[in-house]
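Colleague: Could you take a close look at the internal spaces of this model for me? I want the residues around them, and then whatever sits there.

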Amino acid sequence: MFTQIEITTVCNAKCFYCPNDTLEHKHMAWECFERIMQSEKSPTMLLIQGTGEPLLHPFFLEMVAHAKSKGHRISIITNGSMTLSSTHMVLLDQIGFSLDTLDEALAKRSGRTSPAQTLKHLLACHSLTPKKIKLYAVNYGQDLEPLKTFAKEQNIPLVIQRIQPKKSYQAHYTTEPLPYTTYQCPYVENEKMRYYFVDGTKAACCFMIDSTKVLHSKVIQHALSQKSVPSCCTQCGELTGIKRLYM
Ligand SMILES: C[S@@+](CC[C@H](N)C(=O)[O-])C[C@H]1O[C@@H](n2cnc3c(N)ncnc32)[C@H](O)[C@@H]1O
Ligand code: SF4
Ligand code: SF4
């Protein structure tokens, strides 16, 4: 079980596959974060980021320090466009850098920030805290071999994320609709995670994107038990056998 908090939907990139541009761009209020901290009493692995760039939150370090003081372990995924200080490196337990390609022109076309900049920031962190660093790539059909070679040479774990087949992600691309292979979802059945949207709305997974469309996990579970897929779950990889992550 882990908890994820979308502290901001503000971003400085426009990755073509990300639903960020379909969202209202705002930072989570401190009071909202504080309320979540009060309700999340048991220490957990806390992923502080949602559909936005976490390092852009003006109180990012204060939020991390506050969560650490409650005993949580903290991880983030960042687009790597900003410098991380020694304070970031001490407070954060895991730092994921998103990098889909080393090719500047391709990255630019895809809406990503500069790979050279991400590499600079990643390598600076890696030289100080190698065990905390991970790489995250989205596989949208590009050549991943140079990235795999780089990760292997540097001994950095590389997580490849399948491009999301879920309907709520597909504002700027389409994937073939796949038949549902199961009507059981571990996120609603086993409480795999808790996700808090930037407005404080709580959800059973991080894939719903629009907080106004969130259904309670019991409602989702009931619909699925009737072999009916609610709109917040349409084409989800959990139900079509397309699991999102692989190494
Ligand atoms: C939404 S981003 C937020 C953190 C930060 N802005 C970043 O890009 O790393 C978190 C992760 O989700 C991935 N992601 C975004 N849209 C995706 C999609 N359609 N399919 C798969 N992964 C996606 C990003 O590449 C990134 O690794
Ligand atoms: S994937 Fe990250 S960097 Fe790219 S648009 Fe989405 S939130 Fe921003
Ligand atoms: S969106 Fe996917 S992971 Fe989330 S509750 Fe629905 S089926 Fe499960």
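Modeller: The second largest cavity holds about 50 Å³ of space. This is a predicted model, so read every value here as computed from it. The residues that line the second largest cavity are N79, S98, L99, D100, T101, A107, R112, T113, S114, P115 and T118. By class, six of these lining residues are polar, three nonpolar and two charged.

Two names from that lining come up again at a ligand. N79 and R112 line the second largest cavity. N79 and R112 are also among the residues around ligand 2. The rest of the shell around ligand 2 is C11, A13, C15, C18 and G52. Sorted by class, the shell of ligand 2 has four nonpolar residues, two polar and one charged. R112 is the charged one, because Arg counts as charged.

Now the whole structure. A search finds two cavities of 30 Å³ or more. The largest cavity has a volume of about 100 Å³. It is lined by 15 residues, and C185, C205, M208, C233 and C236 lie closest to its centre. Three elements each give two or more residues to this lining: helix 7 (186–189), helix 8 (217–225) and helix 9 (237–240). The class split of the largest cavity's lining is 13 nonpolar, two charged and no polar residues.

The largest cavity is where ligand 3 sits. Helix 7 and helix 9 each give two or more residues to the shell around ligand 3. That shell includes Y187 and V188, along with E238 and L239. Cysteines in the shell are C185, C205, C232, C233 and C236. K166, F207 and M208 complete the set around ligand 3. By class, the shell of ligand 3 has ten nonpolar residues, two charged and no polar. K166 and E238 are the charged pair, because Lys and Glu both count as charged.

Next, an open site. The second largest pocket has about 270 Å³ of space. It has 15 lining residues, and those nearest its centre are L23, E24, I209, D210 and S211. Its lining splits into five nonpolar, five polar and five charged residues.

Last, the ring contacts. The structure holds nine aromatic pairs. One of them joins W30 and F33, with ring centres 6.0 Å apart and planes at 40°, so this pair is tilted. W30 and F33 both belong to helix 1 (residues 30–39), and being three residues apart puts about one helical turn between them. How buried or exposed is each partner? W30 is partly exposed, at 27% relative accessible area. F33 has 0% relative accessibility, so F33 counts as buried. Another aromatic pair is made by Y195 and F197. Their planes stand at 85° and their centres are 5.0 Å apart, an edge-to-face arrangement. Y195 and F197 are both buried. Ring pairs also link F16, Y17, Y140 and Y173 into a cluster.

Methods:
Residues are numbered from 1 along each chain as its sequence is written. Chains are lettered from A and ligands numbered from 1 in the order in which they are written. This is a predicted model: local features need pLDDT of at least 70, side-chain atom pairs count only at pLDDT 80 or more; totals for chains, interfaces and linings use all residues. Side-chain values use heavy atoms; hydrogens and water are left out. A residue is near a molecule or strand if one of its heavy atoms lies within 4 Å of it. On a 1 Å grid over the protein atoms alone, a cavity is a set of points where a 1.4 Å probe fits but cannot get out, and a pocket is an open set with protein on both sides within 12 Å along at least five of seven lines; lining residues have an atom within 4 Å of a point. Grid points are joined across faces, edges and corners, and a volume is the space filled by probe spheres set on the points. Helices (H or I, at least four residues) and strands (E, at least two) are DSSP runs, numbered from the N terminus. A molecule sits in a cavity or pocket if more than half of its atoms lie within 2 Å of its grid points. Rings of Phe, Tyr and Trp (its six-membered ring) pair if their centres lie within 6.5 Å; planes under 30 degrees apart count as stacked, over 60 as edge-to-face and the rest as tilted. Buried means under 20% relative accessible area, exposed over 50%, partly exposed in between (1.4 Å probe, protein chains only).
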